[in-house]
Amino acid sequence: MTKSSKLDRSISRRAMLKGTAGAVGLAAGSGAITGFPYIHGAEPKVLRYLGTAVNEGDEISKKCLEDTGIKIEYITATTDDVTKRVITQPNSFDVLDTEYFSLRKLVPSGNIFALDAKKIKEFDNITPVFTKGQLPNGKKIGDQGTAPWKVLYLEGANSKTFSKTPTEFVTLIPTVYNADTLGIRPDLIKRPISSWTELLNPEFKGKASILNIPSIGIMDAAMVVEASGQHTYADKGNMTKPEIDLTMKIMTEAKKAGQFRAFWKDFNESVNLMASGETVIQSMWSPAVTKVRSMGIACTFQPLKEGYRSWASGFCVSKAVSGPKLDWAYEFVNWYLSGWAGAYLNRQGYYSAVLSTAKANMTADEWGYWMEGKAAVNDIKAPDGTILEKAGAKRDGGSYDDRMGAVACWNAVMDENDYMVRKWNEFIAA
Amino acid sequence: MTQDRKTFVAWLQAAPMMLVFALFFLLPLLFVTIVSAWDYNEYEMIPAFSLRGYTDTFEGCIADLPNLCTILKTYLNTLKLCLLTWGLTLLIGFTVAYFLAFHVRSKTWQIVLTLLCTIPFWTSNVIRMIAWIPLLGRNGLVNRGLEGAGLIKQPLEWLLFSEFSVVLALVHLFTFFMVVPIFNSMIRIDKRLIEAAYDAGASGWQTLVNVIIPLTKPGIVIGSIFVITIVMGDFVTIGVMGGQQIASAGKIIESRLNALQFPAAAANAVILLGVTILIISALTRIVDIRKEL
């Protein structure tokens, strides 16, 4: 299907260049798309955008259409299903928005196409978090797990090997990232929480929860194990078999003792558990904390002394994309990094890849609250206009440098992934 | 000659269904079985013969004795949930069907009341399950009510995210699958048989045990097949209501699929299919449905 429509399009483009009525007639006669003679600009620029619901805001696609004329068609799936789709149906999407940790599966499959850094206008302004693993002020950040700078470059255009030194072939053009930690209900816990060990504290028996996505859940578990001094991992994102056994043993004991109320898998489940008071401490995502808070329920995205587990995502295209579609993809990615979308993401509590352009699209007060850890001067509003925080509030965890600077590890796919998934099933069955 | 033609016509009549069956059921099943014996790596299936999917699944089944291995534990648990759900849906389903068939006289009311049984299906599966949380949760209606009545001091934790809540949701969802076939069997019982039993001096209980139950056996078996096959393969209900903490055969397949380990998932699917077929064939051994229909 895709092939034939591409052929039609190339015919109609040629027709336009020749500009002769006969050729136009031929193109129309050959059933080119609409069957009408080609008019420049009449063919809509459409990109199919595969990703998780987290980044697929209607506002973004609306603004993009307004600014660039590119119509974004969202294909929404869960993290696991996005990966599955890239592996099994590479023709079913154009632009892919995915996380860096899945690259260890996607790149060897050969189904994605690395973008050319030279065609990305703001590439040199992308935060050094992605390119060098350090903050803009030069501070190095944690590199355990599949940190983005380890998988950012390929050795060549069609290479399946990650390059250790910068090249122009970029696996994913960075867009959004954040530092995750535990969410807590301060009104029900009524005391300060400062360490990951609290997740397994018997005080919260039957009121704790973790993520039921094995590759992410085990990282949170590892943060707990390390915080409680039971083991220090060489790399939490790439455990050895004995380390997986140890981690799962500790988690299994906690599960059998009834520590966990439930495990959650999607955004809304985590919001429900926390808002209903079923759990008081659990691994959580930033916008979920915001959502609980917007329901009028106290919820804190608690900074912990052992640091954050971080994640990052970005754009690439399907290997099936070429010709004008590839140009639109570059146009779209360039638009995405040009500031409006970045400001939109920052206002949700995420971080944008190009800080300078996002800053230009935010008020000084917004920038101060979200990025610099300052008290809000006026009420802080969500992108849709609802009030998130009253004037005077400060962001949990403080500034960008405080939060990203305290990252301990990144979401990862381990070498022993197969073994880990089996152990996770054993844990669930225990 | 006419016999041949009759057979031919019969085959022709069955052909569309056979074709659909072959294309959308047998063929995919064949693929799943083939893939289950393939090898795999992080991101793709490797079409080379390997029983890794199976051996991994039964890992530790002998070494860990007398402790049960993951797969056995999972299946025992799934079977337990299945048995509880089956027993309860049968009891409730039979009672409801009995009421509809023998106590509701008018056909209109029978239809209206049967339609009422479909209410749980008017909303999506996920919404139906989420609706239990404000009811059974720690701060839910039931706990609030009991506390208000002074019956309990601490909220009951086992109401939600437990085997209790899983079975409750499954029964709520699938009783209808019992009601319909049993009702269908009951409605076809010749009323004169019941009158005859009454005239012969049978008590209500004797009529039920000796006349009605034997005659509704096909309905019971068909309903049981529905419920058992659905519950054996279910992972969504068990996942949500069990707080993702209760293992099920379907859940293992799901987590393997999510890790892109398709052959391992296929192997587990073949095992699940085998177990389910065993249960169903045992059931049909007890009652020959084809003879009874």
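**Figure 1. H17(A) and H3(B) cross with left-handed geometry**. Left-handed here says that the near helix is turned anticlockwise from the far one by less than a right angle; right-handed is the clockwise case. This is a predicted model, in which local features need pLDDT of at least 70, side-chain atom pairs count only at pLDDT 80 or more, and totals for chains, interfaces and linings use all residues. Residues are numbered from 1 along each chain as its sequence is written, while chains are lettered from A and ligands numbered from 1 in the order in which they are written. The axes of H17(A) and helix H3 of chain B (residues 70-103) come within 9 Å and cross at roughly 40 degrees, so H17(A) is oblique to H3(B). Angles under 35 degrees are called roughly parallel, over 145 roughly antiparallel, 65 to 115 roughly perpendicular, and the rest oblique. Axes are lines fitted to C-alpha atoms, for helices over the stretch in contact, with angles from 0 to 180 degrees between N-to-C directions. Helices (H or I, at least four residues) and strands (E, at least two) are DSSP runs, numbered from the N terminus.

**Figure 2. Who touches whom between H17(A) and H3(B)**. On the H17(A) side you'll find A:Asn425, A:Glu426 and A:Ala429, facing B:Thr70, B:Lys73 and B:Thr74 of H3(B). By class, that's 1 nonpolar, 3 polar and 2 charged residues. Ala, Val, Leu, Ile, Met, Phe, Trp, Tyr, Cys and Pro count as nonpolar, Asp, Glu, Lys and Arg as charged, and the others, Gly among them, as polar. A contact needs C-beta atoms, placed from the backbone, within 7 Å.

**Figure 3. The side of chain A that touches chain B**. Here 30 residues of chain A are in contact with 26 residues of chain B. Helix H4 (79-88), helix H5 (103-109) and H17 of chain A each bring at least two residues to that side of chain A, and H17(A) gives the most, with 9 residues. The chain A side splits into 10 nonpolar, 9 polar and 11 charged residues.

**Figure 4. H17(A) also packs against H9(A)**. Helix H9 (residues 241-256) and helix H17 (residues 417-429), both of chain A, pack at about 15 degrees with axes 10 Å apart, which means H9(A) is roughly parallel to H17(A). H9(A) passes H17(A) in a right-handed crossing. From H9(A), A:Lys241, A:Ile244, A:Met248, A:Met251, A:Thr252 and A:Lys255 meet A:Tyr419, A:Met420, A:Lys423 and A:Phe427 of H17(A). The mix is 6 nonpolar, 1 polar and 3 charged residues.

**Figure 5. H10(B) and H13(B) pack together within chain B**. Chain B has 14 helices and 2 strands. Helix H10 (residues 204-233) and helix H13 (residues 262-286) of chain B pack at about 165 degrees, axes 10 Å apart, so H10(B) is roughly antiparallel to H13(B). H10(B) passes H13(B) in a right-handed crossing. Among the contact residues are B:Val221, B:Ile225 and B:Ile228 of H10(B), along with B:Leu272, B:Ile279 and B:Leu283 of H13(B). The contact of H10(B) with H13(B) has 8 nonpolar, 5 polar and no charged residues.

**Figure 6. Confidence along chain A**. Chain A averages a pLDDT (the predictor's confidence in each residue, from 0 to 100) of 87, and 90% of the residues score at least 70. Among its elements, helix H2 (residues 21-29) has the lowest mean, 41, and strand E9 (residues 182-184) the highest, 96. Residues 1-39 of chain A have pLDDT below 50.

Notes. Contact = placed C-beta atoms within 7 Å.
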